[in-house]
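User: I should like to understand how the descriptive terms used for this structure are justified. Please set each value against its definition.

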Amino acid sequence: MIEAATLPVNYAGVDHPTDVEQRLRRLESAVVALQDTQLMEERVLDRIAQKSKRTPMAALRDTANVIVDASKALVPTGSASSTTNPSPPPADKPGWLLLDLWSEVRTFGKMLFDHRYPFSYAGRFGPVVIACAYAFSWMFLSGMPLIGGVTERIVDVVLAFVLYKIMSREVYRYRAMFPA
């Protein structure tokens, strides 16, 4: 570092005014103060200590004991539910059936054309198998007299329900993977 005494007073024949020398000395002292980081570290440490006033461990233990005692008081002692896990919180209020169905159809459309989503094996092969089963029931059960029409309708309803369950699970997985 350059000492203040070694600075030339006369540079290229021009006398420096005394205010420039004073400003230069103040700048040098500021640089020296910046190199001494002990003061800054102590101030930062004091600030952090003031912001994070930690509670003693005994107070934390007492708070935890109060919470545990309160949760024990909520569950009756003589019931069978005290040994099992508590039931999950109730779900949100269900929406209208047609709006939920429309939302699932829209999500299914997005899911179908989203190249990032990997379908499960049930989502890939389930609709193909159900379409083959539907064609099989149409070909062989519709021609049966007396019980063919009723049996075909029952098989169609079951196949449609299974297809809906497969696709709704895929929609659920898609929403979990890519939340909107």
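Analyst: A salt bridge is a side-chain nitrogen of Lys or Arg within 4 Å of a carboxyl oxygen of Asp or Glu. This is a predicted model, in which local features need pLDDT of at least 70 and side-chain atom pairs count only at pLDDT 80 or more, while totals for chains, interfaces and linings use all residues. Residues are numbered from 1 along each chain as its sequence is written, and side-chain values use heavy atoms, with hydrogens and water left out.

User: What makes the pair arginine 153 and aspartate 156 a salt bridge?

Analyst: The closest N and O atoms of arginine 153 and aspartate 156 are 4.0 Å apart. The limit is within 4 Å, so the pair is called a salt bridge. Both residues lie in helix α6 (residues 148-177), three residues apart, about one turn of the helix. Helices here are DSSP runs (H or I, at least four residues; strands are E, at least two), numbered from the N terminus.

User: Why are Glu152, Arg153 and Asp156 described as one network?

Analyst: Salt bridges that share partners join Glu152, Arg153 and Asp156. Besides its bridge to aspartate 156, arginine 153 meets glutamate 152 in a salt bridge of 3.8 Å, N to O. In general, side chains of opposite charge can pair when their charged atoms come close.

User: How do you know which of arginine 153, glutamate 152 and aspartate 156 are buried or exposed?

Analyst: Buried means under 20% relative accessible area, exposed means over 50%, and partly exposed is in between (1.4 Å probe, protein chains only). Arginine 153 has 53% and therefore counts as exposed. Glutamate 152, at 7%, counts as buried, and so does aspartate 156, at 15%.

User: How many salt bridges does a search of the whole structure find, and what is the distance between arginine 116 and aspartate 114?

Analyst: The search finds four salt bridges. One of them joins arginine 116 to aspartate 114, with the closest N and O atoms 3.0 Å apart. Aspartate 114 has a relative accessible area of 12% and is therefore buried.

User: How do you know that the length of α6 agrees with that of a helix?

Analyst: The expected span is 1.5 Å times one less than the number of residues. For the 30 residues of α6 that gives 44 Å, and the end C-alpha atoms are 43 Å apart, which agrees. The buried residues of α6, among them Leu159, Ile166 and Tyr174, pack against α4 and α5.

User: Why is alanine 160 in α6 called partly exposed?

Analyst: Alanine 160 has a relative accessibility of 44% and therefore counts as partly exposed. Its C-alpha atom is 9.8 Å from that of proline 127, although the two are 33 residues apart in sequence.

User: Which residues of α6 does serine 120 contact, and what makes one contact polar?

Analyst: Leaving aside neighbours within four places in sequence, serine 120 is in contact (heavy atoms within 4.5 Å) with Glu170 and Arg173. A polar contact is a pair of N or O atoms within 3.5 Å; within protein, one must be able to donate a hydrogen and the other to accept it, and residues adjacent in sequence count only if both atoms are side-chain atoms. The side chains of serine 120 and glutamate 170 make such a contact at 2.3 Å.

User: Why is leucine 101 in helix α4 called partly exposed?

Analyst: Leucine 101 has a relative accessible area of 39% and is therefore partly exposed.
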